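User: I should like to go through the labels attached to this structure and hear the grounds for each one. Please set each value against its criterion.

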Amino acid sequence: MVDVPGHGKVVVDIAYGGAFYAFVSAEKLGLDICSAKTRDLVDAASTVTEAVKAQFKINHPDSEDLAFLYGTILTDGKDAYTKEPTTNICVFADEQVDRSPTGSGVTARIALQYHKGLLELNQTRAFKSSTTGSVFTGKAVRELL
């Protein structure tokens with residue numbers, strides 16, 4: 001739970017896929033990921049990012065240089081597996097918006113969905129950018145050592 005100014009207490013997931021991101025359904029912030037103005041999505045995501053940074057310490061097991069929240073990814077809330085793409089917007093660094101679904105963000109979202117039991121190993125999932133419509137696919141795989 002994060003106390004997000006203007007929105008109250010909001011459940012936020014934090015996951016890593018090359019960088020740490022906060023994940024929250026845009027709907028929980030009163031926005032529709034597909035029809036809201038980009039500026040409104042950026043403002044909401046930035047508010048979440050600042051709230052998480054103020055209320056939580058991020059740790060990376062191997063590198064202190066990676067122990068920070070890179071940004072917030074607002075989603076359509078459709079985390080359960082389906083063949084249809086799930087839509088998101090990634091707001092990172094200084095309120096920059098990724099044109100794509102974001103490689104490290106998709107990787108983090110796959111890890112999070114797998115951890116929650118919403119995605120099985122080798123199950124391909126599609127992720128769509130709310131700003132450009134571009135689509136990335138990905139899947140959780142078992143690392144062979």
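User: What makes strand 8 and strand 9 a hairpin, and which residue in the turn has a positive phi?

Analyst: This is a predicted model, and in it strand 8 and strand 9 form a hairpin with five residues between them. The turn includes G133, whose phi is positive, at about 85 degrees.

User: How do you know that strand 8 and strand 9 pair, and how do they run?

Analyst: Two strands count as paired if there are at least two bridges between them. Strand 8 (residues 125–129) and strand 9 (residues 135–138) are joined by four bridges, so the criterion is met. The two strands run antiparallel. As one pairing within this arrangement, A126 has T137 of strand 9 as its bridge partner.

User: Why is C34 not assigned to a disulfide?

Analyst: The cut-off for a disulfide is a pair of cysteine sulfur atoms within 2.5 Å. The closest cysteine sulfur to that of C34 belongs to C90 and lies 16 Å away, which is too far for a bond. C90 is likewise in no disulfide, its nearest cysteine sulfur being that of C34. The structure holds zero disulfides.

User: Why is C34 called buried or exposed, and what of C90?

Analyst: Exposed requires over 50% relative accessible area, and buried requires under 20%. C34 has 57% relative accessibility and therefore counts as exposed. C90 has 0% and therefore counts as buried.

User: Why does Y70 count as buried, exposed or partly exposed?

Analyst: Y70 has 30% relative accessibility. The value falls between the cut-offs of 20% and 50%, so Y70 counts as partly exposed. Y70 is located in strand 5 (residues 69–75). Its C-alpha is 6.2 Å from that of A19, although the two residues are 51 apart in sequence.

User: What is the volume of the largest pocket, and which residues are closest to its centre?

Analyst: The volume is about 200 Å³. The lining comprises 14 residues, of which D13, S25, K28, D79 and K116 are the closest to the centre. Strand 4 and helix 2 (103–115) are the elements that give two or more residues to this lining. By class, the lining of the largest pocket divides into five nonpolar, four polar and five charged residues.

User: How confident is the predictor, and where is confidence lowest and highest?

Analyst: The mean pLDDT of the protein chain is 95, and 100% of its residues reach 70 or more. Confidence is lowest in strand 7 (residues 96–97), at a mean of 92, and highest in strand 4 (residues 20–25), at 98.

Key
Residues numbered from 1 in each chain as written. Predicted model: local features only at pLDDT ≥ 70, side-chain atom pairs only at ≥ 80, totals over all residues. Heavy atoms only, no water. pLDDT = per-residue confidence, 0-100. Buried < 20%, exposed > 50% of the residue type's maximum accessible area, 1.4 Å probe, protein only. 1 Å grid on protein atoms, 1.4 Å probe; cavity = no way out; pocket = protein on both sides within 12 Å on 5 of 7 lines; lining within 4 Å. Points joined across faces, edges and corners; volume = space filled by probe spheres on them. Nonpolar A, V, L, I, M, F, W, Y, C, P; charged D, E, K, R; others polar.
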